[in-house]
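These are my notebook entries from a session spent looking through one structure. I kept them terse and wrote down what I looked up, in the order in which I looked.

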Amino acid sequence: MTVPTPTDPAAAPAFGFRRIATDGMARRGEVTTAHGAIRTPAFMPVGTQATVKTMYPEQVRALGADILLGNTYHLMLRPTAERVDRLGGLHRFMNWPHPILTDSGGFQVMSLAKLRKINEQAVTFQSHIDGSRHVLSPERSLEIQGLLGSDIQMQLDECVALPAERAEIERAMRLSLRWAERSKAAFFGKPGHGLFAIVQGGDDEALRVESARALTAIGFHGYAVGGLAVGEPQDVMLRILSATTPELPEDRPRYLMGVGTPDDIVESVGRGIDMFDCVMPTRAGRHGQAFTRRGKVNLRNARHADDPRPIDEESTCPAARDYSRAYLHHLVKAEEALGAMLLTWINLSYYQDLMAGLRAAIEAGRFEDHKAEVKAGWARGDI
Ligand SMILES: CNc1nc2c(CC[C@H]3O[C@@H](OC)[C@H](OC)[C@@H]3O)c3nc(N)[nH]c(=O)c3cc2[nH]1
């Protein structure tokens, strides 16, 4: 294929971010992409293998999701990026004509692949599906994301699990910086498509500041904070965020990767994060857990067996309003597919309602009061 001439991602015409309101460190904004706008703070449902598990794309959209996540690692292995491209790209393939963000694949290689080796040039690994050998370089990752046609593409990076030795964290952070340079050089910024860098540096504030400043100097459409939600306690994650976000450009979106619980999200919005992704609401739904404004409810628990109440009679989500806890308990115990479907629907609906509430509160200049109200709801427990 002809090597596309790289353009400066910072100059691509239609990709943009505007801040509508701020309240302390919290920001209400909007990202514009080739496939539409993203209201921030935003929660991005995870659609790793070109599907948000157990949900129809129309349902996900109806809940208020502006953007979904796909993943380079999974899609390069199956059905391959070239096949998705031949079929019209990922938006067409999964019938989601709205923004898509794809992760670069490095995180999954380190957590899923077999026999993986990382060096300056690339990551080499064997597929967890059929053992076939693959090479993922910063350039190849962007080529794959370009074939998928995702609106927001992530640089290839190296994320280390915590706790880790400082030398190891530093090595991976500097490699990720060099890979950020190569990613920017390789990025073919079609109008409305953006490239995000990923800040690394583990739980070391000095390394985080160095990474954030170096990436800002290179210049990207947006900045992800990576290397968190990898086993560290919440207070460590929040301390790192407080040290990192002030070093990032105010006029660019910030994306905290892999986060998190509702409490993680509220606390991180208060530290200047705009975008989130997490498997929590979808994975927990498949395991019988419901997220509600009154906290978490474990529908596997026998105490629900005779409870005729819905999860949340005030919810706009049919799954939370029109089905009893007794029925949900039955479906979960019987391992019926509808159980996973209804609970995933309930959880994604709650997460989108949480984000809508945060956006409104920031616009109204009452983020701190809203945070207190939301936390009080969780503390009330499951009445
Ligand atoms: C859970 N905690 C966590 N996830 C993380 C992910 C994957 C998110 C990706 O993983 C898939 O979900 C399992 C999703 O893929 C669709 C998501 O994009 C990260 N990805 C990169 N490139 N760099 C990181 O530093 C990083 C840190 C994370 N911490």
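The entries below go from a helix to the pocket and the cavity, and then to single residues.

**Entry on the model.** I note at the outset that this is a predicted model.

**Entry on helix 15.** I began with the length of helix 15, which covers residues 367-380. At 1.5 Å a residue its 14 residues should span 20 Å, and the end C-alpha atoms are 20 Å apart, so the expected and the computed span agree. I then asked which residues of helix 15 are buried. I found Phe367, His370, Lys371, Val374, Gly377 and Trp378. Looking down the axis of helix 15, I saw that these buried residues fall within an arc of 125°, and they therefore line one face of the helix. Next I looked up what covers the buried residues of helix 15, and the cover includes strand 1 (16-23) and strand 2 (26-33), strand 15 (289-292) and strand 16 (295-298), together with helix 10 (262-269) and helix 14 (337-363). After helix 15 comes Gly381, for which I noted a positive phi, near 75°.

**Entry on the largest pocket.** I turned to open space and found that the largest pocket holds about 860 Å³. The pocket is lined by 43 residues, and those closest to its centre are Phe107, Gln108, Gly258, Asp277 and Val279. I wanted to know which elements supply the lining, and those that each give at least two residues include strand 5 (68-71) and helix 5 (106-112), as well as helix 9 (234-244) and helix 11 (280-286). By class, I recorded 17 nonpolar, 18 polar and eight charged residues in the lining of the largest pocket.

**Entry on Leu68 and Thr282.** I picked one residue from each of two elements, taking Leu68 in strand 5 and Thr282 in helix 11. Are they buried or exposed? Leu68 has 2% relative accessibility and so counts as buried, the limit being under 20%. Thr282, at 4%, also counts as buried. Setting aside neighbours within four places in sequence, I listed the contacts of Leu68 as Pro45, Val52, Val60, Met94, Trp96, Pro99, Ile100 and Leu101. With residues up to four places away in sequence again left out, Thr282 touches Val52, Thr344 and Leu348. Val52 is thus in the list for Leu68 and in the list for Thr282. I also noted a distance for Leu68, which is 21 residues from Gly89 in sequence and 14 Å from Gly89 in space, C-alpha to C-alpha.

**Entry on the cavity.** I asked how many cavities of 30 Å³ or more the structure holds. There is one, and the largest cavity has a volume of about 30 Å³. Its lining consists of Arg39, Ala42, Phe43, Gly64, Ala65, Asp66, Ile67, Gln352 and Arg359. Strand 4 (42-44) and helix 14 are the elements that give two or more residues to this lining, and I counted the lining as four nonpolar, two polar and three charged residues.

**Entry on Pro57 and Asn95.** I found Pro57 in helix 1, residues 57-62, and with a relative accessible area of 22% Pro57 is partly exposed. Beyond its neighbours within four places in sequence, Pro57 is in contact with Met94, Asn95 and Trp96. Pro57 and Asn95 stand 38 residues apart in sequence, while their C-alpha atoms are 7.0 Å apart in space. I then looked at Asn95 itself, which sits in the loop between helix 4 (90-93) and strand 6 (100-103) and has a positive phi, near 55°, although the residue is not glycine. At 36% relative accessibility, Asn95 counts as partly exposed.

**Entry on further backbone details.** Ala229 is likewise a residue other than glycine with a positive phi, near 55°, and I placed Ala229 in the loop between strand 12 (222-225) and helix 9. Its relative accessibility of 39% makes Ala229 partly exposed. I also looked for cis peptide bonds, and noted one joining Thr40 and Pro41, with omega about 0°; Pro41 lies in the loop between strand 3 (36-40) and strand 4. Another cis peptide bond joins Leu162 and Pro163, again with omega about 0°, and Pro163 is in the loop between strand 10 (152-154) and helix 7 (166-186).

Methods
Residues numbered from 1 in each chain as written. Predicted model: local features only at pLDDT ≥ 70, side-chain atom pairs only at ≥ 80, totals over all residues. Heavy atoms only, no water. Helix = DSSP H or I, 4+ residues; strand = E, 2+ residues; numbered from the N terminus. Expected span 1.5 Å × (residues − 1). Buried < 20%, exposed > 50% of the residue type's maximum accessible area, 1.4 Å probe, protein only. Arc of directions from axis to C-beta. Contact = heavy atoms within 4.5 Å. 1 Å grid on protein atoms, 1.4 Å probe; cavity = no way out; pocket = protein on both sides within 12 Å on 5 of 7 lines; lining within 4 Å. Points joined across faces, edges and corners; volume = space filled by probe spheres on them. Nonpolar A, V, L, I, M, F, W, Y, C, P; charged D, E, K, R; others polar.
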